[in-house]
Structures are given as C-alpha cells and as structure tokens.
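Student: I have a model open and would like to work through it with you. Could we start with the ligand and then turn to the sheet?

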Amino acid sequence: MEENAHILTPPALGEKKYSPKTAIIDQHGRTFTYMRIAINEACNLRCMYCMPEDGIAFNSKRNLMTTDEILTIITEAGELGVNKVRFTGGEPLLHPRIGHLIKTTSKTPGIDSVHITTNAILLKDKVQELIQGGLDSVNISLDTLDKEKYFLMTRRDSFRQAMEGLDSALTAGFSSVKINAVVLRGFNDDELIDFAKLTKYNAITVRFIELMPFDAHQIWKTGKFMSADHIKQVILNEFPKMTQAEGTRTEHDIYQIPGFLGKVAIIPAFSRNLCGDCNRIRITADGKIRNCLFANEESNVLEKIRNGYCHGDVKNMLIETMQKKPIDGWSAGENGGNSRNSMAQIGG
Ligand code: SAM
Ligand code: SF4
C-alpha cells in the first residue's frame, strides 16, 4: 500500500516502546495520546442511564468495525504517538476476539499500555487470557453494592457474576483496578460511603461519575443528577481528613482517606471542568472518530478504510479531526447537542 507523503515515517515493526513526540495536536495546543475504542454496541446489561430496556437501534454487524479494521486504526494511531488504548463498548468482553485484540494491540509499535472498561460479568472466565495477552488494567462499572438495586439499575440478574468478576480482577495482578460508579441521586447516593470504604483494604480507585445526558430515556432530566461538588461534600462529611492524591490526567479530584490503601476520585463528567487536560480520542463502534464526548460531528474513518484505503489515511483523518477539537465540552455541544443517544455507541 502506498504511504501518503506528508505522514510521519512509521517505526520499525516490533519496536514496541517507540514514543515519538505526539503528532496529534489541536487548535488549542492539546496533544492526544490516549485512544478509547468502542469495539461493539451489544451489551448483556441494560443500565437505566445508558440504554432503554429494549436496547437501542443497534447497528447491523456489517456497519460495525471488524477486528482487522480496529487493529488498522490502532496501528496508525501508534505511529502518531498514541501510546494508550482502552477497549470499551457496548460490553467489550462480549466481543468474540477480545483476547486477540488485546494481545495484538499490546504488541503494536508505540502502544505502551492496553486497558478495558467492562461491567465484569464475563471477566472471571477471561481474566487469565487477557492478562497474559498484555492487558494492563481494568475499569469495572459497578453502580451499587446491593443485589436488588443492581437488578433495578441494570435490568439483569447478574450481580453475583459482576462481583465475581471484580474479585477475579483484584487477584489477577493488574497494575490498576478501578470501579466506576455513576451516581444517581435518590438511588445509589446512600452508598457513597460504602463504596469509599472499599478502598480501605483494596489498592483500588473508586471513581464516582456524574450522570451524563446520553440515554434515550433522558434519565438526567428526572432529577437524579448529583454534581461532583455535592458528591465530594458527602464523602468529606464522613472523611474530613481525606487528602489530595495523585491520579491520571483527568483525575484532578482524587483523594486518599488516611490509612486506606486505595483512592477515591470524583469525575465531573457532566460539569466538564477538566476539558483543558483532555488527551482522548474516541472511536465509535461504527468507526467514527469523535474529538469530544459531547461533539455532534464525527469523521467516518471506517468508510475511508473500506474505500480505497492507503496506509496513512487514518493518520490524516486523526490529525484533521483532532485539530478541530472545540475548547471544551460546552462549546462542543453548542451546535445542536450530541448526535448519539447512548453511551454504548461511543464507549464512555
Ligand atoms: N459496558 C461497559 C461498562 O459498562 O463498563 C463499557 C461501556 S459503558 C458505555 C462505559 C462507561 O460509560 C461505564 O462506566 C458507564 O457507567 C458509563 N456511562 C454510560 N452511560 C452513562 C451516562 N449516561 N452517564 C455517565 N456515565 C455513563
Ligand atoms: Fe452496557 Fe455498559 Fe451501557 Fe451498562 S453502561 S448498558 S454495561 S454498555
């Protein structure tokens, strides 16, 4: 295949720790080294804030990226300085080739770490294969520690499997295990302290996430939204001595309770005051590049790959799309709001 002339020279194959200065930079000077890829839309849960009970208008299989197409995007992204890849979905563990995707990505030049965000229902049986394939860390979405509430929240009776998945992650030897809990006022906000207490004996990070307006039922309009500031205050009331800790680039609100092994983070997903530090590129399951979670514009990279693709085309599209990234999620949503109605299509 022909290499486009103005594209960086790719690293030699097998040269895993290649880290060029990132070539993906936006109009505001931010650089992008982290790619989140939704590898499917299907899910074995129906979380009330994510999908209606009957699911969403799922794309047909032929409109979704194949394994090879996903790997093509990762290869070119690695050549542009992307060094961190997260597989999400839908539910990524439902992907029939998740083991292959992780193994191949972890060996892709430029990619230093591979991660997954999952509801953990299928994790127990797959964890060994994934960790041996090079999976570095896992983020587990778990919004309640109560079996009955879990059923109400997810509309599936899978609490036991989710807890077994979490247990398997804790003993598997990952560099990091995080729990993502979306906070819904009047539903699970009475569990904030119980979640925080999980960090006493476990070196995990519990991340409380603000509800975002992405579900087809618009649950955020029902009064269940609870702000990051409010969440923080509830935890501070119980643990006034918790101190600021170190987190990832978008974990500014991260704390440690004295004597506890793990950390507690609060993610202002809806308030959007971390946009200045955003380093994320998002790829939807149907192969579109999104330069902001809240954007309504996307670039169809899958169409490019399927029509007269030359190596370098993906890099060009990544550079062009990310260059136009709006200053923050508020201005991204100004032109009519989000073009998607479920996070399952975008991957979170
Ligand atoms: N199925 C996997 C899981 O749940 O971990 C991966 C995909 S899911 C779309 C990724 C993340 O998005 C999850 O942590 C989920 O809680 C979060 N999410 C989905 N809809 C959301 C919403 N409306 N507001 C906030 N977070 C949401
Ligand atoms: Fe499925 Fe994840 Fe959406 Fe829940 S949040 S319905 S687990 S994709």
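Student: How far does a polar side-chain atom of Glu 91 lie from a nitrogen atom of ligand 1?

Tutor: Happy to help, and keep in mind that this is a predicted model. A pair of N or O atoms counts as a polar contact within 3.5 Å. The pair formed by the side chain of Glu 91 and a nitrogen atom of ligand 1 has a distance of 3.2 Å.

Student: Which residue has a side-chain N or O atom 2.5 Å from an oxygen atom of ligand 1?

Tutor: Two side chains are worth a look here. Tyr 49 places a polar side-chain atom 3.0 Å from an oxygen of the ligand, so that value does not fit the 2.5 Å you ask about. The residue with the 2.5 Å distance is Ser 141.

Student: How much of the accessible area of ligand 1 does the protein cover?

Tutor: The space that ligand 1 takes is the largest cavity. Its shell has seven nonpolar, 10 polar and two charged residues. On its own, ligand 1 has 540 Å² of accessible area, and the share covered by the protein is 94%.

Student: Now the sheet: which strands stand at the edges?

Tutor: The sheet is open, with 12 strands in mixed pairing, in the order E7-E8-E9-E6-E5-E4-E3-E2-E1-E10-E11-E12. Each edge strand has a single partner, so one side of it is left without a neighbour in the sheet. Those strands are E7 (243–244) and E12 (299–300).

Student: What is the bridge partner of Tyr 255 in E9?

Tutor: Strands E8 (residues 254–256) and E9 (residues 263–267) pair in the antiparallel sense over two bridges. In E9, the partner of Tyr 255 is Val 264.

Technical notes
Residues are numbered from 1 along each chain as its sequence is written. Chains are lettered from A and ligands numbered from 1 in the order in which they are written. This is a predicted model: local features need pLDDT of at least 70, side-chain atom pairs count only at pLDDT 80 or more; totals for chains, interfaces and linings use all residues. Side-chain values use heavy atoms; hydrogens and water are left out. A polar contact is a pair of N or O atoms within 3.5 Å; within protein, one must be able to donate a hydrogen and the other to accept it, and residues adjacent in sequence count only if both atoms are side-chain atoms. Accessible areas come from the Shrake-Rupley method with a 1.4 Å probe; for residues, only the protein chains shown count as cover. On a 1 Å grid over the protein atoms alone, a cavity is a set of points where a 1.4 Å probe fits but cannot get out, and a pocket is an open set with protein on both sides within 12 Å along at least five of seven lines; lining residues have an atom within 4 Å of a point. A molecule sits in a cavity or pocket if more than half of its atoms lie within 2 Å of its grid points. Ala, Val, Leu, Ile, Met, Phe, Trp, Tyr, Cys and Pro count as nonpolar, Asp, Glu, Lys and Arg as charged, and the others, Gly among them, as polar. Two strands pair if DSSP finds at least two bridges between them. Helices (H or I, at least four residues) and strands (E, at least two) are DSSP runs, numbered from the N terminus.
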